[in-house]
Each structure stands twice: as C-alpha cells, then as structure tokens.
Amino acid sequence: MFTGIIEDVGTIAAINKMSGRWEFSVRTSISLAEIALGDSIAVDGVCLTVIRLGSDTFYADASLETLGVTTLSGKAVHDPVNLERAMRMDARFGGHIVMGHVDAIGVVEAIRKAGDSTQYTIGVPGEVARYIVSKGSIAVDGISLTVNEQNDRSFTVNIIPYTASKATVGLKVAGDRVNIETDILGRYVEKFLTADRKSGVDLDFLYTHGYLRGK
C-alpha cells in the first residue's frame with residue numbers, strides 16, 4: 001500500500017524488452033541501502049517489485065498485462081518517473097490509500113493557470129469516471145490529489161508549485177497520458193451495495209441503521 005506522497009523523481013536508466021515482460025532499470029536518489037529485494041515501489045503509480053539492485057538503480061519487471069493497462073509501455077530511457085516506496089506501518093499517513101493498481105489511462109486535456117496553482121483537466125473513460133467525486137481523492141501517476149470538479153468524462157485538479165516541483169506533473173503537456181487510480185473506498189462501497197441481497201447490506205440496510213440520511 002502507498003500514500004501518494006512522492007519520494008523521488010527517478011529516471012528510466014534502461015529497458016530490456018523481453019517477449020513476456022519488460023525489465024526496467026530505474027535510477028533514484030533514494031538510498032539503495034533502504035531498498036531490499038522483493039520490496040514494492042510505485043513507479044508512476046504502478047506497483048512493481050524490486051528484483052535486483054545496481055550501484056544507483058533498482059530493477060523491476062512489468063508483465064504484458066501491466067504494460068497493456070498503464071503508461072509504462074510508452075516509457076523510454078531518460079524519462080522521469082514518480083517513485084514511492086510502500087508505506088511503513090509506523091509512518092505518518094500523508095495522502096490517501098493508494099494500491100498501485102491502475103484503473104485506467106487518462107489524457108491531459110487542458111492546462112491553465114489558476115492563481116499561483118495550475119489546473120489540469122484530465123479525460124477518463126466513463127466506467128472509471130463513476131468512481132471519481134468532487135473533493136474526493138485520486139492518484140494521478142501515483143500522486144495523491146484532490147478532485148476539484150468532475151463529470152462523466154473528465155475531472156480537474158489543482159497543482160500547487162511545491163507539488164509541481166516534486167513530481168512529474170509539472171512536466172506534463174496537453175495530450176500526455178497519465179495513470180489513474182480511483183479511491184479504493186468507493187469500489188468497496190459499490191461492492192457492498194450491489195452484492196446479493198442475501199448479504200443484507202443494501203441501501204435499505206444503510207438507511208435503517210443510520211449510515212445514510214434523507215430517505
């Protein structure tokens with residue numbers, strides 16, 4: 001599990017494109033003494049497993065399935081990537097629950113200044129947009145952000161200068177693709193509400209027991 005608070009902007013040092021997987025070598029300023037084989041690291045929001053270490057790089061595999069549903073398939077050597085190690089149980093929780101399991105690829109549709117911040121409008125598939133709510137949390141390339149506005153095809157987020165300087169979002173231009181992970185809590189709620197009625201958990205149950213109001 002991750003929090004969406006980026007630790008480092010690393011660089012793709014090499015890509016070994018094999019028939020069944022791609023092996024990424026990622027250069028990072030994170031101390032490799034603090035990275036162990038088998039560790040999970042989110043690379044642009046995609047949870048990958050460290051398979052070996054170099055002098056200033058770590059290596060991680062991406063399966064064909066992962067490549068097919070994330071922006072990793074479009075990466076090239078020297079490309080910058082957001083990096084976050086898996087959360088420690090004794091650490092402060094600064095963002096929101098991020099699983100590193102990308103729901104869809106979004107497209108940056110527009111970028112405009114909004115005071116000292118920059119507002120990004122990102123288009124997403126309709127089946128993913130349903131899980132995005134105004135003032136809720138969303139991960140864009142692994143960055144924990146707050147949704148300003150949303151509709152059935154896009155959403156907007158505001159990026160403050162600090163965030164832009166500490167992650168790759170400040171380098172994005174209109175037309176760029178980004179990894180999108182919606183808030184997992186919304187998916188759990190939907191699962192409960194659409195489960196077999198025998199489970200006893202439905203809208204009537206929630207209203208009856210005071211979890212919802214206004215029926």
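Is alanine 60 buried or exposed, and what is its relative accessible area? In this predicted model, alanine 60 comes out as buried, because its relative accessible area is 1% and the cut-off for that label is under 20%. The residue sits in strand 5, which runs over residues 57-63. Leaving aside residues up to four places away in sequence, alanine 60 touches Trp22, Glu23, Phe24, Leu48, Thr49 and Ile51. Glycine 38 is 22 residues from alanine 60 in sequence, and the two C-alpha atoms are 9.4 Å apart in space.

Next come the enclosed spaces. Searching the whole structure turns up two cavities of 30 Å³ or more. The largest of them holds about 50 Å³ of space. Its lining is made up of Val108, Tyr120, Ile122, Val140, Asp141, Ile143, Val169, Lys172 and Val178. Sorted by class, that lining has seven nonpolar residues, two charged ones and no polar ones. The charged pair is Asp141 and Lys172.

The second largest cavity comes in at about 40 Å³. Around it are Asp44, Gly45, Val98, Val102, Ala139, Asp141, Gly142, Asn179, Ile180 and Glu181. Asp141 thus turns up in the lining of the largest cavity and also in that of the second largest. Strand 12 (residues 177-182) gives the largest share of the second lining, with three residues. As for chemistry, the lining of the second largest cavity splits into four nonpolar, three polar and three charged residues, whereas the largest cavity has no polar residues in its lining.

Then there is the open space. The largest pocket has a volume of about 370 Å³, and 17 residues line it. Nearest the centre of this pocket lie Ile5, Ile143, Ser144, Tyr162 and Thr163. Ile143 is also one of the residues lining the largest cavity. Several elements help to build the pocket wall: strand 1 (8-17), strand 10 (143-150), strand 11 (154-159) and helix 3 (161-166) each put in at least two residues. Strand 10 makes the largest contribution, with four residues. By class, the pocket lining has nine nonpolar, five polar and three charged residues.

Technical notes:
Residues numbered from 1 in each chain as written. Predicted model: local features only at pLDDT ≥ 70, side-chain atom pairs only at ≥ 80, totals over all residues. Heavy atoms only, no water. 1 Å grid on protein atoms, 1.4 Å probe; cavity = no way out; pocket = protein on both sides within 12 Å on 5 of 7 lines; lining within 4 Å. Points joined across faces, edges and corners; volume = space filled by probe spheres on them. Buried < 20%, exposed > 50% of the residue type's maximum accessible area, 1.4 Å probe, protein only. Contact = heavy atoms within 4.5 Å.
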